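Biologist: Can you walk me through this one? I have some quick questions.
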Amino acid sequence: MNNSIHFPKEITFSKVEEFLKDINTKEINELSIVKNLGNYKFSMLPIILQMISTLYIKNKHIKVVINEIGDDDLIRFSKNLVYLSTVMRSNLLVDRQEKEYQKQYITYAKEYLDSMKDINRISQTYKGIGVSFICFDWSNQYSYIDTLYNFDKLITKEEFKKFIAPEIFSNSMSKANSWQSLKEDIKNDFASILYELFENTELHARDNSPLIKSMRGFLVKELLLNKNEILDKYDEIKEYLVQIETFKNENSKYISESLNLLEMTIFDNGKGLAESISKTDNFSFEEELKLVTKCFNKHVTSTENESRGVGLYEVMEMIVKYKGLFILRTGRTHLIIDYKQIEISGSQINFKNIIKKEYQPIIGTSYTIILPLLIQKDSLNA
């Protein structure tokens, strides 16, 4: 009898944990996916992609089943982040009539990926204020389609801020008045956060094993929230959102029509933070938590790579500066940390009142940053 996981239209955090429990305890050989996936709640997409990586790394012979798929569906799937990652990592794509589509799908997907020659062409805009990018590893070599590489050398932060970040933000937030109203130094700081997370992924998540097809990507978008949405869609971070809404309303210099937030997410299917700085993967959850939180201190790097070791430290500084929120999922660790929980002392980062709960293990690491776009009234007059 085949063990199957059914991928529904909408997935919650609790559903991911249920899936991971099955993945980590059962021999799964079929993943059933609906044709039309719904919109994901905040920060769900990277965790779903981590879950997919976990599924395939632990179950090498899995097949993907989608009901009644035709050529138009295949073309559409080949441009969709979840379908693309799911099907490309499987050994077989079929429908319920057992018709095989894998070779045809790969042709469409490769044509789509090969057409991505520059950052403008790999952008997808959603209602004018959202964009996603993805790259797959076709030849056991990592690349963000030249967005992080200048030939074989990782580009510098200044190069990234000058040439790459403006393209990313202008594509993702071109129609967002709140973004246009922000000062240039704030935009530069937000670009720095994105670069530091990119660099961290580049230096700590490399795995060129032919058995583990590499997958990394990122998402940048603006969230325009009202009170009902905060209560309905963002239960995981409801307290933080209410806190920011209150702060803005209590400061008359800020515009208070809606809560404008910038969401930046980067994910990978590498070793995970704890394993990247440890010589072993055999540690308890408490030990893992210590290793993960250690990564935020200055001058901490992996056992295999040399780096400045300041990436996550600088990100935490920016989270505090801009009253942001940080969400991390790696290994058995799931952290949700707002700016009030971050304590900076010299080169050390300490977290106050974090929830120390062990979750089902997951492959790779995802970082999600929320930054409120606090627009001052005088900026519009200017």
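Biologist: Where does T25 lie?
Modeller: T25 lies in helix 1. Keep in mind that this is a predicted model.
Biologist: Is T25 buried or exposed?
Modeller: Exposed: the relative accessibility of T25 is 58%, and the cut-off for exposed is over 50%.
Biologist: How far apart are T25 and K58, in sequence and in space?
Modeller: They are 33 residues apart in sequence. In space, the C-alpha atoms of T25 and K58 are 9.8 Å apart.
Biologist: K58 is in helix 2, I take it. At what angle do the axes of helix 1 and helix 2 cross?
Modeller: At roughly 10 degrees, and the axes come within 10 Å. Helix 1 covers residues 13-25 and helix 2 covers residues 44-58. Angles under 35 degrees count as roughly parallel, so helix 1 and helix 2 are roughly parallel to each other.
Biologist: Which residues make that contact?
Modeller: From helix 1, F13, V16, F19, L20, I23 and N24. From helix 2, M44, I47, M51, T54, L55 and K58.
Biologist: How do the residues of the contact divide into nonpolar, polar and charged?
Modeller: Nine are nonpolar, two are polar and one is charged.
Biologist: What about helix 2 and helix 4, how do their axes run?
Modeller: Those axes also come within 10 Å and cross at roughly 10 degrees. Helix 2 and helix 4 are therefore roughly parallel to each other. Helix 4 is residues 81-88.
Biologist: Which residues meet there?
Modeller: L45, L49, I52 and Y56 in helix 2 meet L81, V82, S85 and T86 in helix 4. By class, that contact has six nonpolar residues, two polar and no charged ones.
Biologist: Switching to H6. Where is H6 placed?
Modeller: H6 is in strand 1, residues 4-7. With a relative accessible area of 46%, H6 is partly exposed.
Biologist: What does H6 contact, beyond its neighbours within four places in sequence?
Modeller: F19, S32 and V34. F19 is also one of the helix 1 residues in the contact with helix 2. As for E30, its C-alpha is 8.5 Å from that of H6, with the two positions 24 residues apart in sequence numbering.
Biologist: Now the rings. How many aromatic pairs does the structure hold?
Modeller: Eight. One of them, F296 with F326, is edge-to-face, at 5.5 Å centre to centre and 85 degrees between the planes.
Biologist: Where do F296 and F326 lie?
Modeller: F296 lies in the loop between helix 12 and helix 13, and F326 in strand 10, so the pair ties together parts that are 30 residues apart in sequence. F296 and F326 are buried.
Biologist: Which residues form an aromatic cluster?
Modeller: F169, W179, F190 and Y322 form one.
Biologist: Which ring does K323 lie over?
Modeller: The ring of F247, with K323 at 4.9 Å from the ring centre. K323 also takes a positive phi of about 55 degrees, just after helix 13.
Biologist: And which residues of helix 13 are buried?
Modeller: Among them are G311, L312, Y313, V315, M316, M318 and I319.
Biologist: Last one, the whole chain. How many helices and strands are there?
Modeller: There are 14 helices and 14 strands. Of the 382 residues, 55% count as buried. Among contacts between residues at least 6 apart in sequence, 76% join residues at least 24 apart.

Note on methods:
Residues are numbered from 1 along each chain as its sequence is written. This is a predicted model: local features need pLDDT of at least 70, side-chain atom pairs count only at pLDDT 80 or more; totals for chains, interfaces and linings use all residues. Side-chain values use heavy atoms; hydrogens and water are left out. Axes are lines fitted to C-alpha atoms, for helices over the stretch in contact, and angles run from 0 to 180 degrees between N-to-C directions. Helices (H or I, at least four residues) and strands (E, at least two) are DSSP runs, numbered from the N terminus. Angles under 35 degrees count as roughly parallel, over 145 as roughly antiparallel, 65 to 115 as roughly perpendicular and the rest as oblique. Contact means heavy atoms within 4.5 Å. Ala, Val, Leu, Ile, Met, Phe, Trp, Tyr, Cys and Pro count as nonpolar, Asp, Glu, Lys and Arg as charged, and the others, Gly among them, as polar. Rings of Phe, Tyr and Trp (its six-membered ring) pair if their centres lie within 6.5 Å; planes under 30 degrees apart count as stacked, over 60 as edge-to-face and the rest as tilted. Buried means under 20% relative accessible area, exposed over 50%, partly exposed in between (1.4 Å probe, protein chains only). A charge sits over a ring if NZ of Lys or CZ of Arg is within 6 Å of the ring centre and within 35 degrees of the ring normal.
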